[in-house]
Amino acid sequence: MLFILFSLLACGQKTIYTDMYQILSPEQNWKAVEAGGADYAWYNKDLGGIIYVDSNCKRQFEDRPLRDSTISLLAGIATGTSISEYPILLDGREALMTIQKAKVDGIDVHIAAVVMSKNSCLRSEEHTSEL
């Protein structure tokens with residue numbers, strides 16, 4: 001799942017710059033959609049998947065364990081079974097990757113979430129696809 005997530009993000013990269021961070025957007029088969037409360041979102045019709053990128057910076061930033069941030073990120077979205085959770089290195093910092101099966105609005109999905117904290121920003125990325 002991690003390989004798939006990063007492979008999808010690497011295809012046809014376009015760098016998006018914000019005041020506090022930069023990300024590479026997916027392009028191949030991914031279309032930008034309304035992000036709701038997130039910073040950015042993309043949808044892939046073929047996979048039935050969506051990617052959300054969000055951040056909480058400066059005044060909204062709360063320095064806490066990455067596990068706590070993951071729990072907050074997935075609260076209300078995922079009611080399911082954890083598949084794996086492990087630290088990864090992202091932009092020179094430790095990040096936490098969590099993968100789980102879940103049920104959202106009665107639909108079985110896979111969720112891959114990554115959270116990291118750097119420079120007074122908590123950044124999170126979530127990829128959800130139907131099983």
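## A seven-stranded open sheet

The protein averages a pLDDT of 77, and 79% of its residues score at least 70. This is a predicted model. Confidence is not even along the chain. Over residues 1-11, pLDDT stays under 50. For that stretch the model has 25 contacts beyond four places in sequence.

**The sheet.** Seven strands form one open sheet. Their order is β3-β4-β5-β9-β8-β7-β6, and the pairing is antiparallel. Which strands stand at the edges? They are β3 (31-32) and β6 (81-90). Each has a single partner strand, so one side of each is left without a neighbour in the sheet.

The table follows the sheet from β3 to β9, with the bridges that join each pair.

| Strand pair | Bridges | Direction |
|---|---|---|
| β3 and β4 (residues 40-44) | Two bridges | antiparallel |
| β4 and β5 (residues 49-57) | Five bridges | antiparallel |
| β5 and β9 | Nine bridges | antiparallel |

Particular residues mark these pairings. K31 has Y43 in β4 as its bridge partner. Next along, W42 stands opposite I51 in β5. Further on, Y52 stands opposite E126 in β9.

The hairpin of β4 and β5 has four residues between the strands. There, G48 takes a positive phi near 65 degrees.

**The helix across the sheet.** Helix α2 covers residues 66-74. Which strands does α2 lie across? They are β6, β7 (93-104), β8 (107-118) and β9 (121-130). Relative to β8, the helix runs at about 140 degrees.

**The core.** The largest nonpolar core holds seven residues in all. They are I88, A95, M97, I99, A112, V114 and M116. Two elements, β7 and β8, give two or more residues to this core. A general tendency fits here: in soluble globular proteins, nonpolar side chains tend to be buried together. Another general point concerns strands: in a regular strand the side chains alternate between the two faces of the sheet.

**A loop residue.** S120 is found in the loop between β8 and β9. Is S120 buried, exposed or partly exposed? Its relative accessibility is 38%, so S120 counts as partly exposed. The cut-offs explain this: buried means under 20%, and exposed means over 50%.

S120 also pairs a wide sequence gap with a short distance in space. S120 and C57 are 63 residues apart in sequence. Their C-alpha atoms are 5.7 Å apart in space.

Methods: Residues numbered from 1 in each chain as written. Predicted model: local features only at pLDDT ≥ 70, side-chain atom pairs only at ≥ 80, totals over all residues. Heavy atoms only, no water. Pairing = 2+ DSSP bridges. Contact = heavy atoms within 4.5 Å. Axes fitted to C-alpha atoms, helices over the stretch in contact; angles between N-to-C directions. pLDDT = per-residue confidence, 0-100. Core = buried A, V, L, I, M, F, W, Y, C linked by side-chain atoms within 4.5 Å. Buried < 20%, exposed > 50% of the residue type's maximum accessible area, 1.4 Å probe, protein only.
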